[in-house]
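Hi there,

Here is the structure I promised to pass on. Could you have a look at it when you get a moment?

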Amino acid sequence: GRLEAVTQQMGYHPQYLDSFLKTQHYLMHMDGPLPFDCRHYIAIMAAARHQCRYLVNLHVLQFLRAGGDPQWLRGLEFIPPKLRNLNEINKILAHRPWLITKEHIEKLLKISEWSWSLAELVHAVVLLAHCHALASFVFGCGCEQDEGLGGRGSLKPLSLGNQCFCEATAGNSYSQELLRINRKRSLDSCMELDSLRERMQRIHVETEGRDEMRLLQQDREEGEGPGAEVGVQGGTAGLSPLADTDGEVTGATNLACYTQDPDFGYQDFARRDEDQTQVFRVQDYSWEDHGFSLVNRLYSDIGHLLDEKFRMVDGLQSSAMAKRQGCEPSVFKRGIWNYIHCMFGIRYDDYDYAEVNQLLERMLKVYIKTVTCYPEKTNSEMFDRFWKQFKHSEKVHVNLLILEARMQAELLYALQAITQYMI
């Protein structure tokens with residue numbers, strides 16, 4: 001019955017946690033344009049871009065619970081073309097969102113039988129941005145760290161009987177309702193584990209053949225690929241990750257099966273001596289004036305939930321944290337937010353960016369950039385070195401700012417491209 005690491009960390013700020021859980025639950029479990037299994041597979045694709053095994057394993061479990069085809073867990077080559085076509089936007093949004101154009105949108109919306117609807121695409125884009133940003137939080141707060149690496153909320157293996165952050169509780173009204181639901185779910189956890197095992201074994205038997213077994217044997221001998229794991233009790237199934245004999249989720253040895261073009265990563269956004277039209281100016285396209293209404297129109301109510309979450313993180317108390325930096329709380333938070341947006345080429349005409357260097361010490365800036373742009377490079381030594389003067393709750397607070405600022409940046413680029421396509 002323990003709460004997993006993401007919920008434990010966000011629990012330092014229960015009001016934000018409640019808002020996060022509402023959004024997460026709506027994205028994954030409520031009525032929407034996309035089927036439930038596809039939602040979790042998109043989350044797997046998004047998390048894999050940052051090699052975030054924590055989120056991949058969690059959504060693999062949810063994917064199977066939603067009735068997803070275990071064959072898809074072998075990698076992108078085994079999923080429907082429509083879903084696989086999302087890979088290009090996933091890659092761009094995760095690392096260089098300023099490169100997304102209306103042509104990327106048009107390609108997805110006009111591919112004959114594999115075309116996406118606008119509503120489906122908006123749902124998918126929100127999921128991608130949500131999971132990319134959440135991966136930053138996972139690494140930034142140490143949820144991805146193995147036990148023994150210096151304890152910042154060390155990641156323990158996920159089990160089928162435990163709550164995921166989609167279902168976690170925080171002692172407030174919304175979360176209490178989730179607790180009631182999960183108490184009922186927990187009674188069925190053992191039966192659910194057996195059911196999943198039976199499904200995996202049955203599918204393995206049905207798909208077993210000479211060519212398949214030769215391929216799986218090759219994977220095992222090479223020690224890589226989706227066939228390298230032993231996933232079902234009493235036999236080998238090339239469908240990872242699966243539940244092992246103790247009910248824990250066994251992750252794929254290599255997340256590369258969920259990604260293409262793995263060398264594509266973040267590059268510094270060129271601002272000097274470049275055509276200034278590259279810069280995304282919030283005065284021309286903002287969340288409040290443009291993004292909110294578009295996303296809410298195409299995916300009912302998600303705009304309200306996202307807007308609440310953006311406002312909630314901005315409203316969190318940070319007086320002690322700002323005092324350490326010698327400034328007002330609002331000034332400190334805006335400095336972090338604008339610095340993150342600046343790294344993605346988003347600029348505010350009414351902000352003096354010289355303040356960033358005054359407000360944020362160099363080591364703090366390096367840490368924020370690492371967690372934001374390439375979170376998989378974050379480690380416990382960096383965490384300890386950069387945050388000596390902060391309380392743990394303050395560290396979590398800044399990681400929440402990173403999460404929300406990054407997510408809004410990705411959404412602004414994607415929604416602007418969609419708007420340009422629609423015009």
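Below are some notes on its helix packing.

This is a predicted model, with local features needing pLDDT of at least 70 and side-chain atom pairs counting only at pLDDT 80 or more, while totals for chains, interfaces and linings use all residues. Residues are numbered from 1 along each chain as its sequence is written, and side-chain values use heavy atoms, leaving out hydrogens and water.

Let's start with α13, residues 302-315 (helices are DSSP runs of H or I, at least four residues, numbered from the N terminus). Its 14 residues reach 20 Å from first C-alpha to last, close to the expected 20 Å (1.5 Å times one less than the number of residues). Its buried residues (under 20% relative accessible area, 1.4 Å probe, protein chains only) include I302, L305, F310 and V313. The buried residues of α13 pack against α2, α8, α12, α15 and α19.

Two of those partners, α12 and α19, have axes (lines fitted to C-alpha atoms over the stretch in contact, with angles from 0 to 180 degrees between N-to-C directions) that come within 10 Å and cross at roughly 70°. They are therefore roughly perpendicular (65 to 115 degrees) to each other. In the contact (heavy atoms within 4.5 Å), W287, G291, L294, V295 and R297 of α12 meet residues of α19 including L411, L415 and M422.

Finally, α3 (residues 36-48) packs on α8 at about 45°, with axes 9 Å apart. Here R39, I42, A43 and A46 of α3 meet α8 residues, among them H123, L127 and C131.

Best wishes

Note on methods
Helices (H or I, at least four residues) and strands (E, at least two) are DSSP runs, numbered from the N terminus. Buried means under 20% relative accessible area, exposed over 50%, partly exposed in between (1.4 Å probe, protein chains only). Angles under 35 degrees count as roughly parallel, over 145 as roughly antiparallel, 65 to 115 as roughly perpendicular and the rest as oblique.
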